[in-house]
Amino acid sequence: MSAPLLAFEGLSVAFRRHGPWLEAVSGVDLHVAPGETVGLVGESGCGKSTLAMAALGYLPDNARIPRGRVCLEGEDLATLSPAALQHRRGNRIAVVYQNPATALNPALTIGRQITEIFEHQQAQSPAEARHAAERLLEQVRIADPTRLLDAYPYQISGGMQQRVVIAMALAGSPDLLVLDEPTTALDASIQAEILALFETLRAELGLAMLFISHDLAVVRSVCDRVAVMYAGEIVESAPVAELFAQPRHPYTASLIDCIPAGKAHREQGRLAWIPGNPPALGERPAGWAFVPRRPYAREPCARPFSFKHLSPRNAPSLSR
C-alpha cells in the first residue's frame, strides 16, 4: 500500500477561551492514500471541520495539539515554518469550502482572483496568468471562460461560483483536496453536477480527497472509505460498501437509519431521527459518548470502549 498523503496519528485538538483547555478532537487515527476519496461524516459539532483545519494548519490561536500529529506526505505540519506551511497549501493540499459566496471576494472580478494565484505562486506575467486562468476554468467545465473572467461573483450562479472555487483550489496542482461540505449550499441538480465534476477531476488528475459531509447518500456515492466521527472521536471506519451494509457502531447505524431509504423508512414507513445533540465541549460522558442518545443502552456501554478495530465477527450486537 502507498504511503498516505495525509495522516492523522493519534491527533487531539483542544481549545480554550477563558477557562481550561477542552478537547474537540481526541485520539484520531485516519489516513488518505494517493488517489483515494475518504468520507468523514457526523453531525454538526462532532469535530469534522476542526480536523479539516488541522490538516491545513489553519487552527486558531486559542487551539493547540496536546497529543499526536498531522502529517502531509510524511512531514509533521507542526515542525514546518510558516513559509514552508504556506507553500504546502495550494501546491500540495487545497480546500473547497461549503459556501462559495463567502470564499470569493465580491469586490474583485473572477479573473483577478484566479490570476493573482499564478502571479504570486508561480511568478507569471499578467498575460500568462490570464491564459492559465482560462485553461483552469475550462478544466472545471465552464463553457465561456473568457467572459467569466471579467464577471464579479454576484453576477454568476451559486453552482458557477463553486466551480470557480474548485478551479482556484486546483491552481497550484495539489495532490489532495479537502472538501468541507462542498455541495450543501447548492440545489439538488447543481449538487449532482459538482459531484460528477469531482469524480471527473479525480480520474483525470489522480487527486486524493477528504470529503466532509452530513449527507450520507452523497458520501456513499463518491467515497472509497468512510470514517464516522462523534464527540471528537472516530467511532468507526470501513470501506464504504461494508460500512453501509454492516455498520458496527450504534451511532453509524442510527445515521444510516436517518437516510430516507434507510432501514426504518423501508420497514416501518417512517423517517428515523436521533434524539438530543452531540455533547458540547467539556460535557462528554464517561464510556461511550453516544449512550445518552441511544434508546436502549446496557450497563457495559458506560465503560470505555472503541469500535474502531473490531471485525464484524466479534462486534457487539446492534439489536435494539
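How many bridges join β1 to β2, and do these strands run parallel or antiparallel? I began my notebook with this question, keeping in mind that the structure is a predicted model. I found that seven bridges join β1 to β2 and that the two strands run antiparallel. I then looked up the connection between them, and noted that a hairpin of six residues leads from β1 to β2. For one point of register, I took L6 and found that its bridge partner in β2 is V32.

**The sheet as a whole**

I next placed this pair in its sheet, which is open, has four strands in the order β2-β1-β4-β5, and is paired in the antiparallel sense. The edge strands are β2, residues 22-32, and β5, residues 75-76, each of which pairs on one side only. On the β4 side, I recorded that β1 (residues 6-15) and β4 (residues 63-72) pair over seven bridges, again in the antiparallel sense. Here I looked up F15, whose bridge partner in β4 is A63. I also noted which helix lies across these strands: α1, residues 48-56, lies across β1, β2 and β4, and runs at about 115° to β1.

**Cysteines**

How many disulfides does a search of the whole structure find? I noted zero for the whole structure. I looked up two cysteines all the same, and found that C46 counts as buried because its relative accessibility is 0%. C71 has a relative accessible area of 3%, and it is therefore buried, since the cut-off for that word is under 20%.

**Aromatic pairs**

My search of the whole structure for aromatic pairs gave three. One of them is formed by Y152 and Y154, which are stacked, with 6.1 Å from centre to centre and 20° between the planes. I checked both residues for exposure: Y152, at 31% relative accessibility, counts as partly exposed, whereas Y154, at 63%, counts as exposed.

The rings of F198 and F211 have their centres 6.4 Å apart, and because their planes stand at 90° I entered the pair as edge-to-face. I noted that this pair links distant parts of the chain, with F198 in helix α8 (residues 188-205) and F211 in strand β8 (residues 208-213), 13 residues apart. Are these two phenylalanines buried or exposed? F198 is buried, with a relative accessible area of 3%, and F211 is buried as well, with a relative accessible area of 2%.

Conventions. Residues numbered from 1 in each chain as written. Predicted model: local features only at pLDDT ≥ 70, side-chain atom pairs only at ≥ 80, totals over all residues. Heavy atoms only, no water. Pairing = 2+ DSSP bridges. Contact = heavy atoms within 4.5 Å. Axes fitted to C-alpha atoms, helices over the stretch in contact; angles between N-to-C directions. Disulfide = S-S within 2.5 Å. Buried < 20%, exposed > 50% of the residue type's maximum accessible area, 1.4 Å probe, protein only. Phe/Tyr/Trp six-rings, centres within 6.5 Å; stacked < 30°, edge-to-face > 60°.
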